[in-house]
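Trainee: I should like to work through this structure step by step. May we begin once it is displayed?

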Amino acid sequence: SGDIAWDLIEAAMASVARTAIVPVQDVLSLGREARFNTPGKASGNWTWRLADRQLLPEHAERLRSLAEKHRRLAR
């Protein structure tokens, strides 16, 4: 896809694992500014928050398309 975050999302969807969990930061293709925590760093963690209307219908459509492609929709 040219977007490493979405390449990793597709890899998760394509896996044989029963459940695929995808960080919303990856869905939004965000960078380090949206990191939740840094291991070994005692402060400044867990401050990022998803903003209102940050997730768009296009994100849902793209996730649904991958879920359909990899047969992850509920039957």
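Mentor: Let us start with a definition: rings of Phe, Tyr and Trp pair if their centres lie within 6.5 Å, with planes under 30 degrees apart counted as stacked and those over 60 as edge-to-face. Please keep in mind that this is a predicted model.

Trainee: How many aromatic pairs does this rule give, and which residues form one aromatic cluster?

Mentor: The rule yields 2 aromatic pairs. The ring centres of Phe 36 and Trp 46 are 5.2 Å apart and their planes meet at 25 degrees, so this pair is stacked. Phe 36 also pairs with Trp 48. The count is therefore 2 under the pairing limit of 6.5 Å, and the cluster consists of Phe 36, Trp 46 and Trp 48.

Trainee: Which geometry does the pair of Phe 36 and Trp 48 have, stacked or edge-to-face?

Mentor: The two centres are 5.8 Å apart, with 75 degrees between the planes. Planes over 60 degrees apart fall in a defined class. The pair of Phe 36 and Trp 48 is accordingly edge-to-face.

Trainee: How many residues apart in sequence are the parts that Phe 36 and Trp 48 tie together?

Mentor: Phe 36 lies in the loop between H2 and H3, and Trp 48 lies in the loop between H2 and H3. The pair therefore ties together parts whose separation in sequence is 12 residues.

Trainee: Is Trp 48 buried or exposed?

Mentor: The relative accessibility of Trp 48 is 13%. Buried means under 20% relative accessible area. Phe 36, at 32%, counts as partly exposed, whereas Trp 48 is buried.

Trainee: Which helix gives the most to the largest nonpolar core?

Mentor: The largest nonpolar core has 5 residues: Trp 6, Ile 9, Met 13, Val 27 and Leu 66. Helix H1 covers residues 4-14 and supplies 3 residues to this core. The element that gives the most is H1.

Trainee: At what angle do H1 and H3 pack?

Mentor: The axes of H1 and H3 are 9 Å apart, and H1 passes H3 in a right-handed crossing. From H1, the contact uses Trp 6, Ile 9, Glu 10 and Met 13; the residues from H3 include His 59, Arg 62 and Leu 66. The packing angle is about 35 degrees.

Trainee: The charged end of which residue sits over the ring of Trp 6?

Mentor: Trp 6 belongs to the largest nonpolar core and takes part in the contact between H1 and H3. The charged end in question is 4.1 Å from the centre of the Trp 6 ring. It belongs to Arg 62.

Trainee: What is the relative accessible area of His 59?

Mentor: His 59 is found in helix H3. With residues up to four places away in sequence left out, His 59 touches Trp 6, Val 27, Leu 28 and Gln 54. His 59 counts as buried, because its relative accessible area is 16%.

Trainee: What percentage of the residues of the chain count as buried?

Mentor: The chain has 3 helices and 0 strands, and its elements run α-α-α from the N terminus on. The chain comprises 75 residues, and the portion that counts as buried is 17%.

Notes:
Residues numbered from 1 in each chain as written. Predicted model: local features only at pLDDT ≥ 70, side-chain atom pairs only at ≥ 80, totals over all residues. Heavy atoms only, no water. Phe/Tyr/Trp six-rings, centres within 6.5 Å; stacked < 30°, edge-to-face > 60°. Buried < 20%, exposed > 50% of the residue type's maximum accessible area, 1.4 Å probe, protein only. Helix = DSSP H or I, 4+ residues; strand = E, 2+ residues; numbered from the N terminus. Lys NZ or Arg CZ within 6 Å of the ring centre and 35° of its normal. Core = buried A, V, L, I, M, F, W, Y, C linked by side-chain atoms within 4.5 Å. Axes fitted to C-alpha atoms, helices over the stretch in contact; angles between N-to-C directions. Left-handed = near helix turned anticlockwise from the far one by under 90°. Contact = heavy atoms within 4.5 Å.
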